Protein chains: 2
Amino acid sequence: MQTENLHPGLSIDCVIFGFHENELKVLLLKLKNDDKWALPGGFVEKDKDVDSEAVRVLKKRTGLDHIFLNQFHLFGNVNRNEAGHSDTMVKKGVIPPELKAWFDQRFVTAGYYALVEYSRVKKPTPDLTSERCDWRALNDLPPMMLDHADILKKAHQTLKKELNDQPIGLNLLPEHFTMPELQALYETVLEKSLDRRNFRRKMLSYDILIQTDLRRKGGAHKAPLLYKFDKEKYNKAIQSGLQSGW
Amino acid sequence: MQTENLHPGLSIDCVIFGFHENELKVLLLKLKNDDKWALPGGFVEKDKDVDSEAVRVLKKRTGLDHIFLNQFHLFGNVNRNEAGHSDTMVKKGVIPPELKAWFDQRFVTAGYYALVEYSRVKKPTPDLTSERCDWRALNDLPPMMLDHADILKKAHQTLKKELNDQPIGLNLLPEHFTMPELQALYETVLEKSLDRRNFRRKMLSYDILIQTDLRRKGGAHKAPLLYKFDKEKYNKAIQSGLQSGW
DNA sequence: TTTTCATTGTGTCAGTATGACACAAACATA
DNA sequence: TATGTTTGTGTCATACTGACACAATGAAAA
C-alpha cells in the first residue's frame, strides 16, 4: 500500500445490504486472528473523488459495478479511534508493521450504504486484513471492530427513513419477484409487519410495478404471480420522490 | 493558526439559516479584496470531534450556543479544489503566505446546516479571511467561492426533505409568532405556497403549538393570534418523527 | 367619526387514502 | 382425492386532503 498517495486521516466504510431468505444481510469481513468483524472499507487516493473510491471498494468486495450507493454520514468523533488499536492490529498480523504509522493517525470515516442483489454476488472476496468475507444477518451480528456497529445501525436507520421517499426493491431483489417477497423486504427493513392486502394496494398505487403472467412454482402452496419493476417509472419515482408530507 | 494540530485535508462548512421579513437568509462571509462570498467554515483539531468543531464555528460567527445543527453531507470531489485557488487567496491577502502550504492540500469538507433565530444574532463577526459577515437572501445569492453554492443548495434540499419528518419552527422563529408567520416560513423553505386553512389544520394536528391570548398588534389589519411551541411535545416530535409514509 | 380594505379566523364538502377484516382459488404433498 | 397453507381479491368505516366562502378585525383613509 502506497500511503503517500492517500488522503490522510480519511477512510471509507461501506454497509452493503443484501436480501436473502427473507432476511436483511450485510457483507462483513472477518479479521485475521481476531473474533471481530469489520465493514468493508478503504482509503481515498488524493486525486480521486471520495464517492468513486466507495464504488471501488464495492467492486473489490462484491465484483459488482453500477450499484445503488449512498453516502449517509461522516463519522468524526475522536473516540472512534481506540488507543492501541493499531498496535493490536499489528500484533495480530492484521496489518504489516511498516503501515503502523499510517494506522496510528486519527481517522474520520465516510459511511456509505449499498443495496445489492444477493444472488449476483458470486464470491465475496476478503481483503488483506481479513480471512473471510461473508453475508451476516442484520439481526444477528457478530462482534464488530471499533465503531462499526454504530455505523451499521445508522445505515439501517437511514435506509428506513428513505423508504418514505423512495422505493428500494429494484436494487435488492432479482429481476422477477413476488408480492410477498417484496413485502417481506419492506417488513425486514422497517422491522414491523404489514397487512398483506394494504401493502399490495399501496405498492401498486406507486405505479412502478409490472405484473407478469408468470408464477413462482415449486412452493408447496398457491403459486404467486411474478412482478418486475418498470425501470423507467421506478427511476422517475426515485428522482421525484414518493411525495408524502408537504 | 497552528496547522500542526489540525486534521489534514478536512474542513467544515456551515450553512446558517435564518428567517427574516418572510425570507430565508443565510449567513455568509465576504472575502477580502474579492467579490466572492464564502460559507462560514473552519478546520478540525486533531483531538476534537468534527461535530463539536462545527459548533465552535457557529459560536464564533453568531455568538450563539445550543443551536440546531445537523451534518448533512461530506463533499469529497477532487475538482472542488480549484488549481491556483490558494495562490489567488494569498495574492489577495485573504490568507497569509506562510499558510499557503496548508491551503494547497486537497480538502474534503463536511457540510453542516444550522437553524438560528435571526434576531438573536446580534453582530455576525467575520473571520480573518473576510471583511464582512452578513445575512443574504437565499433566493438572491452573491457569487460564491469554490463549490459553496453547491453546498448551500444541498443544504436547502436536505432541509426541505426533513420537513416531512420534523417540524422546524422552534429554531428559526422567535418565542412568539403568528400562524401566518409560521406558514410563511414553510412556504419559503418549500418554495411553494400553501392553503391558509389547510396549513393551519395540519400544523395544529401535530399538537406541538400552544395558542396564547396575545395578538400581534401594529399591522394594518386584523391582529393575528400569537402562538408558541410546546417545547416538550416539539422535541418529542423531533425524536419520534412526524410519521408519514410507512 | 365613519368608511374602506386587506388580513385573520373558521367550517364544510367531496374525493382520496388508510386500516381492519373474510373468503374463495391454487398448488404441492400426503 | 383430500389436506393444509398461501395467494389473490373487495368492502366498509374512518381519517386525511384539497378546494372553497364568509364574517370579524383593526389600522388607515376619507
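A nonpolar core is a set of buried Ala, Val, Leu, Ile, Met, Phe, Trp, Tyr and Cys residues joined through C-beta atoms within 7 Å. The exercises below use a predicted model.

**Exercise 1. The core**

Task: Find which residues of the largest nonpolar core touch the most other members. Then list the contacts of Cys14(A), leaving aside its neighbours within four places in sequence.

Solution.
Step 1. Take the largest nonpolar core, with its 109 residues.
Step 2. Pick the members that touch the most others: Cys14(A), Val15(A), Cys14(B) and Val15(B).
Step 3. Go to Cys14(A) and drop the neighbours within four places in sequence. The contacts left are Leu39(A), Pro40(A), Gly41(A), Ala54(A), Val57(A), Leu58(A), Tyr112(A) and Ala114(A).
Step 4. Set this against the general rule. In soluble globular proteins, nonpolar side chains tend to be buried together.

**Exercise 2. The fold of chain A**

Task: Describe chain A by its helices and strands, its box, its radius of gyration and its contacts.

Solution.
Step 1. Count the elements: eight helices and 10 strands.
Step 2. Fit a box along the principal axes. The C-alpha atoms fill roughly 60 × 45 × 30 Å.
Step 3. Apply the globule rule. For 246 residues, a compact globule would have a radius of gyration near 18 Å. Chain A has 20 Å, which agrees.
Step 4. Check burial. Of the 246 residues of chain A, 29% count as buried.
Step 5. Take contacts between residues at least 6 apart in sequence. In chain A, 73% of them join residues at least 24 apart.

**Exercise 3. Two chains, one axis**

Task: Work out how chain A relates to chain B, and what the side of chain A that touches chain B is made of.

Solution.
Step 1. Superpose the chains. A turn of 180° with a shift of 0.0 Å along the axis lays chain A on chain B, with an RMSD of 0.0 Å.
Step 2. Name the relation: it is that of a two-fold axis.
Step 3. Compare the two sides. The copies meet through the same surface, because 100% of the interface residues of chain A are also interface residues in chain B.
Step 4. Count the contacts: 27 residues of chain A are in contact with 27 residues of chain B.
Step 5. Assign elements. On the side of chain A that touches chain B, β1 (6-20), α1 (50-62), β5 (68-75) and β6 (108-115) of chain A give two or more residues. The largest share, four residues, comes from β1(A).
Step 6. Sort by class: 10 nonpolar, nine polar and eight charged.

**Exercise 4. The DNA strands**

Task: Find which residues come nearest to DNA strand C and to DNA strand D. Sort both surfaces by class.

Solution.
Step 1. Start with DNA strand C, which has 20 residues around it. Lys222(A), Ala223(A), Pro180(B), His221(B) and Leu225(B) come nearest.
Step 2. Find the elements for strand C. At least two residues each come from α7 (196-205) of chain A and from α6 (179-190) and α7 (196-205) of chain B.
Step 3. Sort the surface near strand C: six nonpolar, four polar and 10 charged residues.
Step 4. Move to DNA strand D, with 21 residues around it. Pro180(A), His221(A), Lys222(A), Leu225(A) and Lys222(B) come nearest.
Step 5. Find the elements for strand D. Two or more residues each come from α6 (179-190) and α7 of chain A and from α7 of chain B.
Step 6. Sort the surface near strand D: seven nonpolar, four polar and 10 charged residues.

**Exercise 5. Two phenylalanines**

Task: Place Phe68(A) and Phe103(B), and decide how exposed each one is.

Solution.
Step 1. Phe68(A) sits in strand β5 of chain A.
Step 2. Phe68(A) has 16 C-beta neighbours inside 10 Å, so it counts as partly exposed.
Step 3. Beyond four places in sequence, Phe68(A) touches Ala114(A), Leu115(A) and Asn171(A). Phe68(A) and Asn171(A) are 103 residues apart in sequence, but 6.5 Å apart C-alpha to C-alpha.
Step 4. Phe103(B) sits in helix α3 (residues 100-104) of chain B. With 18 C-beta neighbours inside 10 Å, Phe103(B) is partly exposed.
Step 5. Beyond four places in sequence, Phe103(B) touches Ser86(B), Met89(B) and Ile95(B).

**Exercise 6. Positive phi**

Task: Locate Asn22(B) and Glu191(B), and give the phi of each.

Solution.
Step 1. Recall the background. Most residues other than glycine have a negative phi.
Step 2. Asn22(B) has a positive phi, near 55°. Asn22(B) lies in the loop between β1 (6-20) and β2 (23-31) of chain B.
Step 3. Glu191(B) has a positive phi of about 60°. Glu191(B) is in the loop between α6 and α7 of chain B.
Step 4. Check exposure. Asn22(B) counts as exposed, with 12 C-beta neighbours inside 10 Å. Glu191(B) counts as exposed, with 11.

Key. Residues numbered from 1 in each chain as written. Chains lettered and ligands numbered in written order. Predicted model: local features only at pLDDT ≥ 70, side-chain atom pairs only at ≥ 80, totals over all residues. Buried ≥ 20, exposed ≤ 12 C-beta atoms within 10 Å, placed from the backbone. Contact = placed C-beta atoms within 7 Å. Near = placed C-beta within 6 Å. Nonpolar A, V, L, I, M, F, W, Y, C, P; charged D, E, K, R; others polar. Least-squares fit on C-alpha atoms with pLDDT ≥ 70 in both. Rg over C-alpha atoms; globule rule 2.2 N^0.38 Å.
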